[in-house]
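Q: Please take a close look at the aromatic side chains of this model and at what surrounds them. A connected account is preferred, with the cut-off of each term stated where the term is used.

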Amino acid sequence: ASAIQWLEPSQTADKQHPYVYTQCEAIHARSLVPCQDTPAVKFTYESNITVQKPLVALMGAVQTGSRDVAGARTIYSFAQKVPIPSYLLALAAGALESRELSPRTKVWSEKSVVDLAAYEFGETDKFMNVAEELLGPYVWGRYDILCMPPSFPFGGMENPCLTFVTPTLLAGDRSLVNTIAHELMHSWMGNLVTNRTWEDFWLNEGHTVYCERRILEKVYGRLNFHVSATVGLNDLKHEVSRLGDDHPYTALVPQLEGVDPDDAFSSVPYEKGFSLLQHIANIVGIDTFDGFLRAYVDKFKYQSIGTDDWKAFLLSYFAGTEFAPKLAAMDWEAWFTSPGMPLAIPPYDTQLIDKSHALADRWIAGGAGCDPSDIEGWTTNQKVIFIDALIDRVSSVSPEMLSRLDATYKLSQQRNSEVRHRWCMLCVKAGYAAILP
């Protein structure tokens with residue numbers, strides 16, 4: 001079954017017990033249960049999962065009970081009363097412990113990891129409160145987080161009631177909680193209002209990215225939004241360059257007849273979708289667009305919809321307003337079907353970004369006077385932009401420079417996986433062998 005991953009004890013953090021989890025997105029639920037494996041169809045379910053002690057079973061649902069049975073086994077019962085598409089069916093079982101974060105949120109993981117995860121994700125309830133202010137009530141009952149074994153190959157998966165996340169988020173300083181914000185926003189954008197087909201995947205991910213950045217903006221400030229959007233735009237540029245600017249998969253609404261959705265997966269629906277929504281927000285105003293987003297969720301909750309439904313609702317919502325002519329005049333066909341970069345790139349505040357580029361310039365010029373205080377208080381994205389700027393000019397970067405840069409900022413000791421990943425890319429491209437194992 002392609003949806004199921006069985007792990008030997010050696011593939012877990014504690015290396016004592018086996019582990020199993022599922023990944024049904026995009027079209028793998030059919031290998032797990034008989035179903036109509038399409039996001040156009042939603043269902044509720046109840047289930048009983050039997051495991052050998054001391055293992056614990058979890059599902060993307062609310063646990064309704066548990067009981068011990070003969071043979072040192074436990075039966076866990078679950079109910080998902082909110083209709084879900086098949087790709088959100090989720091199961092995990094392992095030697096798991098939990099820590100309560102709030103009355104409706106807890107974190108699960110293996111014994112050696114659970115306390116680290118509880119600290120890292122300790123602000124989750126704050127994100128939930130801000131998300132409800134933006135989009136309306138959280139309808140799923142619980143929002144728990146399962147920090148997965150090290151061999152989990154994804155950043156996160158928005159399973160309802162139980163988000164799966166990679167342990168590489170455990171930076172020790174809560175600097176990668178944007179992933180939690182992203183997966184949480186799927187509780188409205190994707191899980192509650194769902195793309196009808198995988199061609200409409202941008203409805204899930206574009207809205208989620210936009211709302212994720214709005215939440216982080218409300219918690220951490222407006223400049224955070226602009227820096228995050230700039231990093232996303234750079235990622236989109238690299239993706240379009242990799243695929244080719246005329247590749248059909250770079251269209252916002254690609255044609256996927258006869259195509260496995262996994263083969264078409266990229267950052268395009270995330271960041272090109274975000275760019276469209278940000279463009280509209282710039283036309284109507286951010287606060288006005290927030291109102292549209294809440295109305296959109298209220299209109300289509302519990303349903304699966306297509307891009308045509310979204311566009312019709314957008315135009316009807318703003319009909320009769322001063323914004324209607326500008327929205328009607330947009331080249332919607334080109335926005336949806338043209339390959340390559342978005343038709344319009346929203347302007348972003350570059351205050352924090354300029355600091356990253358200026359520091360890169362100083363190092364390219366020799367690094368004179370640089371010291372650890374240069375990056376004190378910087379966000380993950382500022383550090384990523386700084387390193388990306390050096391990658392873009394890697395021909396001017398020497399191993400000797402990177403040795404001095406590492407001695408100054410201790411980048412090889414970074415626990416933040418996004419920063420460490422970019423740093424390793426830079427070192428490999430520049431031939432700095434000291435980072436090799």
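A: A residue is called buried when its relative accessible area is under 20%, exposed when that area is over 50%, and partly exposed in between, with a 1.4 Å probe and protein chains only. The model is a predicted one, in which local features need pLDDT of at least 70 and side-chain atom pairs count only at pLDDT 80 or more, whereas totals for chains, interfaces and linings use all residues. Residues are numbered from 1 along each chain as its sequence is written, and side-chain values rest on heavy atoms, with hydrogens and water left out.

The rings come first. Those of Phe, Tyr and Trp (for Trp, the six-membered ring) pair if their centres lie within 6.5 Å; planes under 30 degrees apart count as stacked, over 60 as edge-to-face and the rest as tilted. Under this rule there are 35 aromatic pairs. One of them joins Y87 to W198 in an edge-to-face arrangement, with 5.0 Å between the centres and 65 degrees between the planes. The two partners are 111 residues apart, so that the pair connects distant parts of the chain: Y87 belongs to the loop between β6 (73–85) and β7 (91–94), and W198 to the loop between β13 (193–195) and α4 (201–220). Helices (H or I, at least four residues) and strands (E, at least two) are here DSSP runs, numbered from the N terminus. Y87 counts as buried because its relative accessibility is 1%, and W198 counts as buried at 12%. A further edge-to-face pair consists of F265 and Y270, with 5.9 Å centre to centre and an angle of 85 degrees between the planes. Y270 is buried as well, because its relative accessible area is 18%.

Aromatic residues also gather in a cluster, made up of Y210, F225, F274, F289, F292, Y296, F300, F313, Y317, F318 and F323. Two arginines are placed over rings of cluster members. A charge sits over a ring if NZ of Lys or CZ of Arg is within 6 Å of the ring centre and within 35 degrees of the ring normal. The charged end of R213 meets this condition over the ring of F274, 4.5 Å from the ring centre, and that of R222 does so over the ring of F225, at 4.3 Å from the centre.

The strands offer some context for Y87 and for another aromatic residue, W6. Strands pair if DSSP finds at least two bridges between them. β7, which bounds the loop of Y87, belongs to an open sheet of four strands in the order β1-β2-β7-β4, paired in the antiparallel sense. β1 (4–7) and β4 (56–59) are the edges; each has a single partner strand, so one side of each lacks a neighbour in the sheet. Over four bridges, β1 pairs antiparallel with β2 (residues 19–22); within this pairing, W6 has V20 of β2 as its bridge partner. β6, at the other end of the Y87 loop, is part of an open antiparallel sheet of three strands, ordered β3-β6-β5. Its edge strands, β3 (42–52) and β5 (62–69), each pair on one side only. β3 and β6 run antiparallel and share ten bridges, and N48 faces S77 of β6.
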